[in-house]
Amino acid sequence: MITLFHHPKTRSTRFIFLLEELEAPYRLQRVTMRRSDGGGAVDAANPHPHGKVPAISDDGVVVFESPAIALYLTDRFPKNRVGPTVGEPSRGAYLSWLCYYTGVLEPAFMSKFMNADVPRGTAGWVPVDEAMAAVIDVLSRGPYMLGERFSAADVLYGTTFAMFGQSPVMPKSQVIDDYVKRIVTRPAFARAQALDEGG
Ligand SMILES: N[C@@H](CCC(=O)N[C@@H](CS)C(=O)NCC(=O)O)C(=O)O
């Protein structure tokens, strides 16, 4: 049984969405976390090394960091084909876009948010407009990050774009708006929203 260490309206909410897509057996364990206003506290029950969410435990096997959790869960629960498994041709794109999410896209957004230049040749990421151009290019051929097939990569990208759609750090794009609609109208997304506060 999977335990998802969860705090409502955070990066762990999207893993309720993924677990619902997978139809995996899971329970939510609500934990406290430090907040950006200085309040909150790390929860001793949370196995993430920095007390962040999400983290999961699979009967004692701990996994933390969003791409690792996404990959672990789609490998562990392959029935609904939410992630290409080893040997499938789209596995390479799947791994690449999962890692790109935390290695490039999130730092790109954060650099823009902090008004910080991205030093070319030094930083491992690129300015947000360049990162978003790459993502938009993929999604223009879409409809999903892996082409015709919905995957856990879309859980990460779709929920991020849904959340930052109105933010000035996010370039405006009809391709992204249409993509977000495709993701947030999935029944599993609605179930996750309903379960978010309950954990
Ligand atoms: N790199 C982590 C980021 C997780 C993260 O920063 N989560 C936030 C909530 S959205 C958090 O737990 N913040 C509390 C803290 O930083 O202590 C991932 O992608 O899983």
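**Close-up views of a predicted model**

**Figure 1. Surroundings of the ligand in the predicted model.** The ligand is surrounded by Thr 10, Arg 11, Met 33, Arg 34, Lys 52, Val 53, Pro 54, Glu 65, Ser 66 and Thr 102, a residue being counted if one of its heavy atoms lies within 4 Å of the molecule. The structure is a predicted model, in which local features need pLDDT of at least 70 and side-chain atom pairs count only at pLDDT 80 or more, whereas totals for chains, interfaces and linings use all residues. Residues are numbered from 1 along each chain as its sequence is written, and side-chain values use heavy atoms, with hydrogens and water left out.

**Figure 2. Polar contacts and burial of the ligand.** A polar contact is a pair of N or O atoms within 3.5 Å; within protein, one must be able to donate a hydrogen and the other to accept it, and residues adjacent in sequence count only if both atoms are side-chain atoms. An oxygen atom of the ligand lies 2.8 Å from a polar side-chain atom of Lys 52. A nitrogen atom of the ligand is 2.8 Å from a backbone N or O atom of Val 53, and a ligand nitrogen atom is 2.6 Å from an N or O atom in the side chain of Glu 65. The protein buries 83% of the 520 Å² that the ligand exposes when taken alone (Shrake-Rupley method with a 1.4 Å probe; for residues, only the protein chains shown count as cover).

**Figure 3. The cis peptide bonds preceding Pro 54 and Pro 143.** Most peptide bonds are trans. Val 53 and Pro 54 are joined by a cis peptide bond, with omega about 5 degrees; Pro 54 belongs to the loop between strand E2 (26–30) and E3. Helices (H or I, at least four residues) and strands (E, at least two) are DSSP runs, numbered from the N terminus. A cis bond also leads from Gly 142 to Pro 143, where omega is near 10 degrees, and Pro 143 lies in the loop between helix H4 (128–141) and H5.

**Figure 4. Strand E3 and its pairing with E1 and E4.** Strand E3 (residues 55–58) is covered on both faces, with Ala 55 and Ser 57 buried on one side and Ile 56 and Asp 58 buried on the other. Buried means under 20% relative accessible area, exposed over 50%, and partly exposed in between (1.4 Å probe, protein chains only). E3 pairs in the antiparallel sense with strand E1 (residues 2–6) over four bridges, and antiparallel pairing over four bridges also links E3 to strand E4 (residues 61–64); two strands pair if DSSP finds at least two bridges between them. Asp 58 is the bridge partner of Ile 2, and in E4 the bridge partner of Asp 58 is Val 61.

**Figure 5. Positive phi at Asp 59 and Arg 81.** Most residues other than glycine have a negative phi. In the hairpin of E3 and E4, which has two residues between the strands, Asp 59 has a positive phi near 45 degrees. Asp 59 is exposed, at 62% relative accessible area. Arg 81, in the loop between helix H2 (66–76) and H3, has a positive phi near 55 degrees and is partly exposed, at 48% relative accessibility.

**Figure 6. Ser 167 in the loop between H5 and H6.** The loop that holds Ser 167 runs between helix H5 (152–164) and helix H6 (174–184). Ser 167 is buried, with a relative accessible area of 18%. A polar atom of the Ser 167 side chain lies 3.1 Å from the backbone nitrogen of Val 169.
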